[in-house]
Amino acid sequence: KLKQPKSNRPQAPGYGFPKGAKGLLPWSWAEQRLKKSHNYWITTVKPDGSPHTMIVWGLWQDGRLLFSTGRKSQKARNLDRNPNCIVCTEQANEAVIVEGIAAPINDKKLIARVAPYYHKKYTPWKLDPKMGPIFEVRPQVAFAMYEKKFAETATKWEWKS
């Protein structure tokens, strides 16, 4: 499991964000939304540097997003070349945006441990490595945007290694 991130304000001149930590959202707020999201938007980088955004199913487990995709999908090919990606929850009014690094998972014990949760969330589908690679996205930076209290709650988290 990853360390808890440090919270701060996003750098966004002109948005009127207050100074100081008052009103920052706790990381638990973001994790609740990451766990609850049914669909996730993932943006990867094509060989020409342009973005590719698509929907994936996944699980937020142990401080990272786990998802599978087809072996020959654009996402998988992009991540094989460049592991940088962005993952967003489906609810834009309570958005969580995670900038991270994706890597294929080959740990059979981990896959076996999380597979029942995936099946429960997406019945009748199963998390099956035979269908394509299973990736984990480890966050580097994350942002939260809570529409009802946008300016006072805009939060940025960073993980320091």
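This tour moves from the whole chain to one hairpin and then to the nonpolar core of a predicted model.

**Whole chain.** Begin with the entire protein in cartoon view, where four helices and nine strands can be traced. From the N terminus onward, their order is β-α-β-β-β-β-α-β-β-α-β-α-β. The radius of gyration is 16 Å, close to the 15 Å given by the globule rule for 161 residues, so the protein is as compact as a globular protein of that length. Along the principal axes, the C-alpha atoms fill a box of roughly 50 × 35 × 30 Å.

**Surface and contacts.** Switch next to a surface display: about 9,400 Å² is exposed, with carbon and sulfur atoms supplying 54% of it. Buried residues account for 41% of the 161 residues. Of the contacts between residues at least 6 apart in sequence, 65% join residues at least 24 apart.

**The β4–β5 hairpin.** Select residues 58–61, which form strand β4. Gly-58 and Trp-60 point one way, Leu-59 and Gln-61 point the other way, and all are buried. Add strand β5, residues 64–68, which pairs with β4 in the antiparallel sense over four bridges. Within β5, Leu-65 is the bridge partner of Trp-60. Two residues lie between the strands of this hairpin, and Asp-62 takes a positive phi near 50°.

**The nonpolar core.** Keep Leu-65 selected and add Trp-27, Trp-29, Phe-67, Val-137 and Trp-157; these residues touch the most other members of the largest nonpolar core, which has 36 residues. Finally, centre the view on Trp-29. Leaving aside residues up to four places away in sequence, Trp-29 touches Glu-94, Ala-95, Val-96, Ala-144 and Tyr-146.

Conventions
Residues are numbered from 1 along each chain as its sequence is written. This is a predicted model: local features need pLDDT of at least 70, side-chain atom pairs count only at pLDDT 80 or more; totals for chains, interfaces and linings use all residues. Side-chain values use heavy atoms; hydrogens and water are left out. Buried means under 20% relative accessible area, exposed over 50%, partly exposed in between (1.4 Å probe, protein chains only). Two strands pair if DSSP finds at least two bridges between them. A nonpolar core is a set of buried Ala, Val, Leu, Ile, Met, Phe, Trp, Tyr and Cys residues joined through side-chain atoms within 4.5 Å. Contact means heavy atoms within 4.5 Å. The radius of gyration is taken over C-alpha atoms; the globule rule is 2.2 Å times the number of residues to the power 0.38. Accessible areas come from the Shrake-Rupley method with a 1.4 Å probe; for residues, only the protein chains shown count as cover.
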